[in-house]
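Biologist: I am new to this one, so could you walk me through it and explain the labels as we go?
Modeller: Gladly, let us have a look together.

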Amino acid sequence: MDQTVRKISAEDINPRHNWGRALPSLGITGVDFEERVDYRRLHRYRLGRAKQALDKSELGALLVFDVNNIRYITSTKIGEWERDKLCRWALLTRTGEPILWDFGSAAVHHKLYAPWLAPENCKAGIIGMRGMVDPAFGLMTKHAREIASLIKEAGVGDMPVGVDIIEPPMMFELQKAGINVVDGQQVMLEAREIKSADEIHLLNRAAAMVDGAYHMINEELKPGVRENDIVAKVNEFLYRHGSDDVEAVNAVSGERCNPHPHNFTDRMIRPGDQAFFDILQAFMGYRTCYYRTFNVGRATTAQHDAYKQCREWLDNAMMRIKPGATTSHIAEAFPTAQEFGFPDETSAFGLQFAHGLGLALHERPIISRVVSMDHPTEIREGMVFAIETYCPATDGYSGARIEEEVVVTDKGCKVISLFPAEELPIANRY
């Protein structure tokens, strides 16, 4: 590997958007007869964006423990089990290349299979694993001093270091080692805000998998099936089709629809139930958040009306999505909390809502009446986000929930969640 410090080039951070054609639905195997996702180009783009955001900031380095940020900077991933363990971390300085501390033998594996990282920058490390290793054992002190030495060696020792998430004892040890720890998550989120064509292809592939899962739900949703049966079938379908993490499947039916509980149970589906689902999963790390509502066998007027209103709120908001629009302008299309039965916007948070999608489920932008009206931010070409609405039915217990995933193009947006949702689907109609 070339050990010279690589400068960011325009080629590195070119997102390569081509809105003149339909977004392709690419296969997942490598072929020699057409260009698909170029993973090394994806790595250069993500690292280039992170370096660009770092250069624009007041920080001398980024020290990241969030697995999404680690993957964005280093293009490494180990088992999904590590997502909440805080057992890996990476350092990116203004003047150097990524340095990764990984879990045991994973560091040795990277030296063999991740040639885009310098072998000497693939280190084994262990700190606290959320308190399992007592700080008194000294591992945090050891690694904090090592990190401080590397930051000083990079010539940025007198600058703040941005950290995303961290165990408090580790932060205290970094401070003892002379590091000025500040918030680095906002810098990383700025880097991740604009998706390249490769990232959009992966998000589109992830959405296509959910399209198929919803077709299966439409066939399986019938009296006698339980919410958890649907969850199990969706998990199997997605993992068989290449998912690397089914984060959650919300399955909400019947009287559980209002108010929205955000989970699933073993409730048995009955004739006439309204039921909605949210499928959150990832392909190559890129996530989905994709709601659909069904009725089972038949639907009442109140259920149809709730669905139509939910769809209208969503469509009115989506019409406002284009580069240069603000999050407040889009949020204005959402109903106020009181209009659909909630006492205040905080109680209704997440029901009339939009959030960025990428390696994390919640990225920029955020669009909600809770924050967007007072803190408008600009919608930009290349953003990808999920936009969702909810409407309780007048029967007092049913409810409709719809969500679309959109890519912001040069002129508007393209929807990548394609299971039909213009009208209320009736599964296994009587």
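**Charged pairs and a surface patch**

Modeller: Let us begin in helix α9 (residues 301-318), where Arg311 and Asp315 are four residues apart and so are separated by about one helical turn. Please keep in mind that this is a predicted model.

Biologist: What makes Arg311 and Asp315 a salt bridge?
Modeller: The N to O distance between their side chains is 2.9 Å. The cut-off is within 4 Å, so Arg311 and Asp315 meet the rule.

Biologist: Is Arg311 called buried or exposed, and why?
Modeller: Its relative accessible area is 9%. Buried means under 20%, so Arg311 is buried. Its partner Asp315 has 31%, which lies between the 20% and 50% limits, so Asp315 is partly exposed.

Biologist: How do you know that Lys233 forms a salt bridge with Glu220?
Modeller: The closest N and O atoms of Lys233 and Glu220 are 3.9 Å apart, and the limit is 4 Å, so the pair counts as a salt bridge. Lys233 lies in helix α8 (residues 227-240) and Glu220 in helix α7 (residues 197-220), so the pair ties together parts that are 13 residues apart in sequence.

Biologist: Why are Lys233 and Glu220 called partly exposed?
Modeller: Lys233 has 32% relative accessibility and Glu220 has 25%. Partly exposed covers values between 20% and 50%, so the label fits Lys233 and Glu220.

Biologist: What makes Arg401 and Glu388 a salt bridge?
Modeller: Their closest N and O atoms are 2.7 Å apart, and the rule asks for within 4 Å, so the pair qualifies. This pair links distant parts of the chain, with Arg401 in strand β14 (residues 399-408) and Glu388 in strand β13 (residues 384-392). Both Arg401 and Glu388 are buried.

Biologist: How many salt bridges does the rule give?
Modeller: The count comes to 31. There is also a network of salt bridges that links Lys77, Glu80, Glu82, Arg83, Arg88 and Asp102.

Biologist: Which residues form the nonpolar patch on the surface?
Modeller: Phe349, Ile366, Val370 and Val371 form that patch, with about 280 Å² of accessible area together.

Biologist: Why does Phe349 count as partly exposed?
Modeller: Phe349 has 39% relative accessibility, which falls between 20% and 50%, so partly exposed is the right label. Patch residues need over 30%, so Phe349 passes that cut-off too. You will find Phe349 in the loop between α10 (327-331) and β11 (353-356).

Technical notes
Residues are numbered from 1 along each chain as its sequence is written. This is a predicted model: local features need pLDDT of at least 70, side-chain atom pairs count only at pLDDT 80 or more; totals for chains, interfaces and linings use all residues. Side-chain values use heavy atoms; hydrogens and water are left out. Patches are made of residues with over 30% relative accessible area and no salt bridge: like charges are joined within 9 Å, nonpolar side chains (Val, Leu, Ile, Met, Phe, Trp, Tyr) within 5 Å. Accessible areas come from the Shrake-Rupley method with a 1.4 Å probe; for residues, only the protein chains shown count as cover. Helices (H or I, at least four residues) and strands (E, at least two) are DSSP runs, numbered from the N terminus. Buried means under 20% relative accessible area, exposed over 50%, partly exposed in between (1.4 Å probe, protein chains only).
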